Amino acid sequence: MEQIELTAVAALLDQTQKWLKGFRKETYADSFEAFMEENRELWVSFRRLFLKKEESLQAQEAVAVALTTKMQELLDADKSRRGKEETQLDVGLYLVSYVFPALLSCQENPKSDGNAAKMADAICKKWNGTFRGHTIQYADFASIQNGFKQKLCYVTTAICQGLHKSQNCREVQLMKAYRDEYLVLQEGGEEITREYYDIAPTIVKRIAKEASPEEKYQYLWEHYLQFCVAMVESGKYEECKETYMQMIEELKREYLITDHHVQ
């Protein structure tokens, strides 16, 4: 891959704040389309690259290095710890919601050799090895859109990912089914679910800013979520509701209504 193209890849990170503004259920599709159009020449280059297996393999490390090097420059430019944390969270979300889906869309036939997915894997491996504690996973556009439609189970998903389980692991699937097939059908269930989706993204983001988010996720698993999963499996749905609500109330007290976060 030419140096001018690698420079353009790195420059994508300068667009983070511009496109994250459009990462909402109502605006994401149009925002992503505009992102693709604004960077059209770069995606054309990737389409050509993915048609050449050997060149594509050789370019993986160069692209991964270009992105991680640029990210390190952005972090070095911010002197505050809080600023660095915000930058890592924002850029990570931008990569997952815009850059990776765009990259994957450049493979005309992903099932043929998967060069786009292999490059995404290489980027994630390099990124996660460089910026420990801020791991990313790639996704395509359709998966993200589907996530908006289905309402992601934010806290459960975050806990499972913090314990190195997959985004769609058995526990996440079980709790989603509990939410959709039981909780929302109970009296007050819709109101509980609506409030949860108003506050859960903020809670997850604030946990991610902590020095050791993995420890928090381990605590939540050991004290709450593992019991919720066991209760659902044994049909104790009301007990699960009570336990899960206790967890959410604790998280609200710690991350939403304490003096620590009033700024």
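This passage walks through a few helices of a predicted model, along with some of the contacts they make.

Helix H12 is a good place to start. It covers residues 189-208, 20 residues in total, and its first and last C-alpha atoms sit 28 Å apart, close to the 28 Å expected at 1.5 Å a residue. Even so, H12 has a kink of about 35° at Ile 199, shortly before the proline Pro 201. A good part of the helix is tucked away: among its buried residues are Gly 189, Ile 192, Thr 193, Tyr 196, Ile 199, Ile 203 and Ile 207. In an α-helix there are 3.6 residues a turn, so residues three or four places apart point the same way. The buried residues of H12 pack against five helices, namely H6 (81-105), H10 (154-162), H11 (170-181), H13 (213-233) and H14 (237-255).

Pro 201 itself belongs to H12, but it is not on the buried list. With a relative accessible area of 32%, Pro 201 comes out as partly exposed, because the buried class stops at under 20%. Leaving aside residues up to four places away in sequence, Pro 201 touches Tyr 154 and Tyr 196. It also sits 7.9 Å from Val 155, C-alpha to C-alpha, although 46 residues separate the two in sequence.

Two of the helices packed against H12, H10 and H11, also meet each other. Their axes come within 9 Å and cross at roughly 170°, so H10 and H11 are roughly antiparallel. On the H10 side the contact is made by Thr 156, Thr 157 and Cys 160, and on the H11 side by Glu 171, Val 172 and Met 175. Sorted by class, that makes three nonpolar, two polar and one charged residues.

H6, another of the helices that the buried residues of H12 pack against, contains Thr 87. Thr 87 counts as buried, at 19% relative accessibility, given that the cut-off is under 20%. Setting aside residues up to four places away in sequence, Thr 87 touches Met 71, Leu 74, Leu 75 and Asp 78.

Elsewhere in the chain, helix H4 (residues 40-50) packs with helix H8 (residues 115-130) at an angle of about 110°, and their axes are 9 Å apart. H4 and H8 are therefore roughly perpendicular to each other. H4 brings Phe 46, Leu 49 and Phe 50 to the contact, and these meet Asn 115, Ala 116 and Met 119 of H8. By class, the H4 and H8 contact has five nonpolar residues, one polar residue and no charged ones.

Definitions and conventions:
Residues are numbered from 1 along each chain as its sequence is written. This is a predicted model: local features need pLDDT of at least 70, side-chain atom pairs count only at pLDDT 80 or more; totals for chains, interfaces and linings use all residues. Side-chain values use heavy atoms; hydrogens and water are left out. Axes are lines fitted to C-alpha atoms, for helices over the stretch in contact, and angles run from 0 to 180 degrees between N-to-C directions. Helices (H or I, at least four residues) and strands (E, at least two) are DSSP runs, numbered from the N terminus. Angles under 35 degrees count as roughly parallel, over 145 as roughly antiparallel, 65 to 115 as roughly perpendicular and the rest as oblique. Contact means heavy atoms within 4.5 Å. Ala, Val, Leu, Ile, Met, Phe, Trp, Tyr, Cys and Pro count as nonpolar, Asp, Glu, Lys and Arg as charged, and the others, Gly among them, as polar. The expected span of a helix is 1.5 Å times one less than its number of residues. The bend at a residue is the angle between axes fitted to the seven residues ending there and the seven starting there. Buried means under 20% relative accessible area, exposed over 50%, partly exposed in between (1.4 Å probe, protein chains only).
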